Amino acid sequence: MKSPIDMRRTLLFLTVPCLALVFQCRTSDSSNQAKEEKVPEEISYNFDIRPILSDKCLVCHGPDANKREAGLRLDVAESAFQALKENPKAHALVAGKPEFSQAYLRITSKDTALLMPPPSSNLKLTQHEINLIEKWIKQGAKYEKHWAFVAPKKPSVPKVEQEEWPKNEIDYFVLQKQEQKGLKPNEEADKERLLKRLSLDLNGLPPSLQMMDEFLADNSPKAYEKMVDKLLKNTAYGEKMAIHWLDLARYADSHGYQDDGYRTQWPWRDWVIHAFNQNMHYNDFVTWQLAGDLMPNSTKEQLLATGFNRNHKITEEGGVIPEEYRIMYVTDRNDLFGKGLLGVTLECAHCHDHKYDPFSQKEYYQMFAFFNNVKEVGIESVIGGPETYAKKPLMEISNEDVKNILTFVNKQDTSRLIVSVMGDLDTTRKTYILKRGVYDAPGDEVEPGTPKSILPFNNKYPKNRLGLSQWLFDKKNPLTARVYVNILWQEFFGKGIVKTSGDFGMQGELPSHPALLDWLASDFMEHNWDVKRLVKQMVTSATYRQSAVITKEKLAMDPDNILLARGARYRINAEFIKDLVLSSSGLLNKTIGGPSVKPYQPAGLWEGATSGRGLLSVYNQDHGASLYRRGMYTLIKRTVPPPTMGIFDASNRDLCEVKRLKTNTPLQALVMMNDPTVLEASRVLAAKLLQEKTDAKEKVAKAFRLIVCRKPSDKELGVLTAYYDKQLKTMKPETAQKMIAVGEYPLTKNVDKKTLAALMRVVSTIYNLEETITKS
Amino acid sequence: MEKEILEHGLNFNRRRFLSSMSLGIGGIALGSLLMPDLFKNGELDEEALVAGMPHFAPKAKRVIYLFQNGAPSQQELFDYKPKLRDLFGQEIPPSVRGTQRLTGMTANQASFPLVGSFVNFKQYGESRAWVSDLLPYTSKIVDDICIVKSMYTEAINHDPALTFLQTGSQQGNRPSMGAWLSYGLGNENKNLPNFTVLLSRGVGNGQGVYSKLWSNGFLDSVHQGVQFSKGEDPVLYLRDPEGMDRKERRDMLDNLSELNEMSYQEFGDPEITAKVKQYEMAYRMQTAVPEVMDLSKESDDIIKLYGPDCLVPGTFAANCLLARKLSENGVRFVQLYHQGWDQHGNLPFEITKQAKDVDQASAALVTDLKQRGLLDETLVIWGGEFGRTSYTQGKLTTDNYGRDHHPRCFTIWMAGGGIKPGIVYGETDELGYNIASNPVHVHDFQATILHQLGLNHEKLVFKHLGRRYRLTDVSGKVVNDIIS
């Protein structure tokens, strides 16, 4: 495959000034000289032309039959080459001859009445785009099928010059690109930073002191791999991995609409953690969730897994029209299937044919038919007591079940526990195309089916969700493996090989390393969708292990690190910030699973936004050990999500999400400075250090090591101990008294309050370091 | 103009901009606010070039939206329908009702008897606009406001209707109006969030509010609405811990910067410098926010104007006064929500109290802005998410009734920001059930607001997952008739 456009841009960035000069001297018609880019020798339809057509032309000349102008389609070769309806003597495209191609003449027309795209569309082609199209036509205007809709073939591993660098196959693909661009990979990161990165990535927790010492002392060649294996075995691995899946599956603890009542869907979350820890292979993992209830001799565990498709919002607003909402639930499942599992924006074909991708509205409702047979109603009950915490179809989990079958469910009392799960009607509910996507405007009836452009539905498969799962994991399905491999890549490298992890369609970004993506996807399938194996492949690669130092040259050449010539450097997820704070201070409660908890939260947030109805109208904060559970267990009330989570870009769990933003705002600084969770941890850690028989310098150094996960430099230690000395000197007893009163964790006796307050400030400062909440 | 915008944008290569800026306080925070999303994903986004400045000369610079959450009954406030009183207890003609879908609350009701308002109306001002006796203060400012009686929406339940009005879509996860404006126009101030939210609640039947209503959706979270609340911590986590004074915070931040600088020397990551700047912005907010929240320096005349409630934190009156102060300080979009307007039953009793809660302060805000010369550049909006039915919900007695949700028509008012003052726009039929002239769809309303701020609603777009999204989705026409 051709090199992606992203990389071309990077290179061009360097050559722009001289090119601009050349163009200025050469011609008068290049009005747009600042943007002039070099046109490649050989034009690739997929990488150079299709993105332009898709973005600028297909809204009117694309798959949507109802919005098509002049009967012309530019996304299909036959249509583009045939005689124009309006003028049978002319053709939109004439291979090799731009001067006879109406499409070319129209995009270069000086007459605004003829110009394409029309000025009223607010779209415009750049000179570079026009040049590309011209050359593409000259070279024969060859069409190719969209790359993502062609099943991946395992490419051979490329040759590289720096043969000693690669540690596994990933590295050959990465290095080859770097060598083409004259880049060299970074050195391996220092051991301390590497271990922090690995531990955060595999467990969502910082490494313990013991692990740090062990790793630093181990000079064997297998030291790193040993750590990888150890972390993969920790149960914290399942918790870490669960989070991206909870985002995708829009898991929350409330029903989501209006009064936003409580729901008990957490046993499903317990199952997800369990499944990752058991290393359930991806095909089983997803099949159980989509169709566990339909499997032969379906087990209770398989039924629980189907809670996946009942995590969507469910209304409890009296007065709604039930069918309108039932249709919304089916829509939500269908859209999740598209975005989360297939990586396509199927949802765009809900009201009309897709504007860019080859999905018709009919195909949308054919997929919809798979999810339309659930034994559910639009509104089952208004907000109320425990009987409303799950909606039919539901399953009950008894204490007996927990003892025998569902041993991973952390049920803590004997009260009735219900979970919303999937279950189909005995007779099939008919599915219709909904005109404009409106629930009460049914059109033609449709049968279950899948988009032909991805992979036609194999009639050997049953026409239900089980058959749909078989289709999803059919080796010929071009998307499933690529999409999940890409999501995991994004987990470890910060962004996907395809940056738009939820859109592999025409409007999505092109892969930065297409061959690597195909190799990984093929390899993943060949090894029977083994997730842990794939994770290990990624984190043991030399690519992953590079230091994150950014030289000026690399920043200029590749500001976004597309070529991966340095390690990823990113602020960690909201949940892991809390985990890091609790873990480093020794407060972390390592209980796995169970109902969500209500830790410290500023007063009045729920109360200020509620109608006053239901269990979640008042925030009754938990006490004791529940305060120190991992961030992922904080109760998510959808209409008022936990504030610190939202401030650090956690998903609000409204709809399926496959990629979080990574922002940097002043509100984040306020959380780190003033959230009682951080302040309490600072106090508790300070108190602990004060009880050790060490000097001040050693205490500060140890705090730094626990929190930043490396030993401080002398300079760093100098600044911090000076700060400590100053605090100790100026701290007033009444100030100290106030400072240490934060949090419910009992105060340590026999510790001098002034000293404690002074050290607490130092610890809190360390928590606020940029490096603390960054994997670098 | 377009070319100018393009060139202007190109001069601001964000990375160069950031690196050339001195380490002066707030440089980067301000920079990223001025040029939001310009280099999103590291690539020059042509569409984003247009963001950060208006498309044409704006009339308004800022918006204050007094959202009446729950849907106030237009029949009791602005839309005077004497005929309804004459027809008391009579069934609404099927020809009027048509095929209107009903909420599940009245769909099974055996009859739909009409009910006129219990309250009297009079005409006021030069515009001779009808206003009910429930709004004595509002009646005095009719010549400053534009009453739109012909608003209509597509949703019939609170959650989707609120979401539709605020984000242009009934389903979640799109940016709110305030977020769009923050994205489109950037920030005028450097110490306060650009989009702030204030909540209050009346005594009437209430409906919750949801943080998705002030969400940034797929825009950068810098555009998210920041909720200001009553109490000691008006912005979450704003207050330093007990026992830490400003000097000590400064001291801590200086140490922090020094340590972060060491990290920057090692890694060379521009994110580190950006982080330092965000800490400085947070530090400035810690002073600026309490200053703006402090109402103690307001004159007696102002307190009198807004009414004594304005000194009680968390009331609608206090929020109105606060809204003026925030707006005066350059906050682009101040969004108020006042809950309690959902009168399915017991309407006469409840709405009287609801109206009393908001009447004086709403009028005071307009008057206050006017006397400060700020009304011209500030657009004030007052209204709910849909209207209410002309027939009763539940039992009808001579002095008590209720009204259900009604999407086909409702009344809002706007003032300032280049909207024609002293006019009434649009009419409903004599039963107040259908629009008789000049319908204004929610997207038209949104297009008009953007227009007043100098933005073309078809050009203010953000490309997300392959699609260019707009506040007005795929429709919307500017209501030129109400623009001066």
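The legends below describe several close-up views of a predicted model with chains A and B.

**View 1. Chain B as a whole, with the confidence of the prediction.**
The model scores ipTM 0.88 and pTM 0.82. For chain B the mean pLDDT is 86, and 89% of the residues in this chain reach 70 or more. The stretch from residue 1 to residue 50 of chain B has a pLDDT below 50, although in the model this stretch has 70 contacts beyond near neighbours in sequence. Chain B contains 15 helices and 17 strands, and of its 484 residues 58% are buried. When the contacts in chain B with a separation of 6 or more are considered, 76% of them join residues that are 24 or more positions apart.

**View 2. The contact of chain A with chain B.**
On the side of chain A, 73 residues take part in the contact, and on the side of chain B, 62 residues do. Several helices of chain A give two or more residues to the side that touches chain B, namely α23 (552–557), α26 (666–674), α29 (714–730), α30 (733–739) and α31 (753–767). Helix α26(A) provides the largest share of this side, with 6 residues. Sorted by class, the side of chain A that touches chain B holds 29 nonpolar, 27 polar and 17 charged residues.

**View 3. Helix α12 of chain A and its surroundings.**
Helix α12(A), residues 266–277, has 12 residues, and the distance from its first C-alpha to its last is 17 Å, close to the 16 Å expected at 1.5 Å a residue. How many of the residues of α12(A) are buried? The count is 12 of 12, and the helix is thus described as mostly covered. Among these buried residues are Trp266(A), Trp268(A) and Trp271(A), together with Arg269(A), Asp270(A) and His274(A). The buried residues of α12(A) pack against α11 (236–248), α13 (282–291), α14 (300–305) and β2 (418–420) of chain A. After the helix comes Asn279(A), which has a positive phi, near 50°.

**View 4. Val421 of chain A in its loop.**
Val421(A) lies in the loop between β2 and β3 (431–434) of chain A. Is this residue, Val421(A), buried or exposed? Val421(A) counts as buried because 26 other C-beta atoms lie within 10 Å, where the cut-off for a buried residue is 20 or more. Leaving out residues up to four places away in sequence, Val421(A) touches a set of residues that includes Asp293(A), Leu303(A), Leu304(A), Arg310(A) and Pro393(A). Trp268(A) is 153 residues away from Val421(A) in sequence, yet the two are 9.1 Å apart in space, C-alpha to C-alpha.

**View 5. Helix α14 of chain B and its kink.**
Helix α14(B) runs over residues 347–371, and because its 25 residues at 1.5 Å a residue should span 36 Å, the 35 Å between its end C-alpha atoms agrees with what is expected. The helix α14(B) nevertheless has a kink of about 30°, which is centred on Val358(B). Just after α14(B) comes Gly373(B), with a positive phi of about 75°.

**View 6. Strand β11 of chain B between two partner strands.**
Strand β11(B), residues 410–415, is mostly covered, with 6 of its 6 residues buried. On one side of this strand Phe410(B), Ile412(B) and Met414(B) are buried, and on the other side Thr411(B), Trp413(B) and Ala415(B) are buried too, so that both faces of β11(B) are covered. Strand β4(B), residues 145–152, pairs with β11(B) in the antiparallel sense over 5 bridges, and here Met151(B) stands opposite Phe410(B). Strand β8(B), residues 378–383, also pairs with β11(B) in the antiparallel sense, over 3 bridges, and in this pairing Trp382(B) has Trp413(B) as its bridge partner.

**View 7. Pro160 of chain B in helix α8.**
Pro160(B) has its place in helix α8(B), residues 158–167. With 25 other C-beta atoms within 10 Å, Pro160(B) is buried. Apart from its neighbours within four places in sequence, Pro160(B) is in contact with Ala155(B) and Gln170(B). Pro193(B) is 33 residues from Pro160(B) along the chain, and the C-alpha atoms of the two are separated by 27 Å.

Methods
Residues are numbered from 1 along each chain as its sequence is written. Chains are lettered from A and ligands numbered from 1 in the order in which they are written. This is a predicted model: local features need pLDDT of at least 70, side-chain atom pairs count only at pLDDT 80 or more; totals for chains, interfaces and linings use all residues. pLDDT is the predictor's confidence in each residue, from 0 to 100. Two residues are in contact if their C-beta atoms, placed from the backbone, lie within 7 Å. Helices (H or I, at least four residues) and strands (E, at least two) are DSSP runs, numbered from the N terminus. The expected span of a helix is 1.5 Å times one less than its number of residues. The bend at a residue is the angle between axes fitted to the seven residues ending there and the seven starting there. Ala, Val, Leu, Ile, Met, Phe, Trp, Tyr, Cys and Pro count as nonpolar, Asp, Glu, Lys and Arg as charged, and the others, Gly among them, as polar. Two strands pair if DSSP finds at least two bridges between them.
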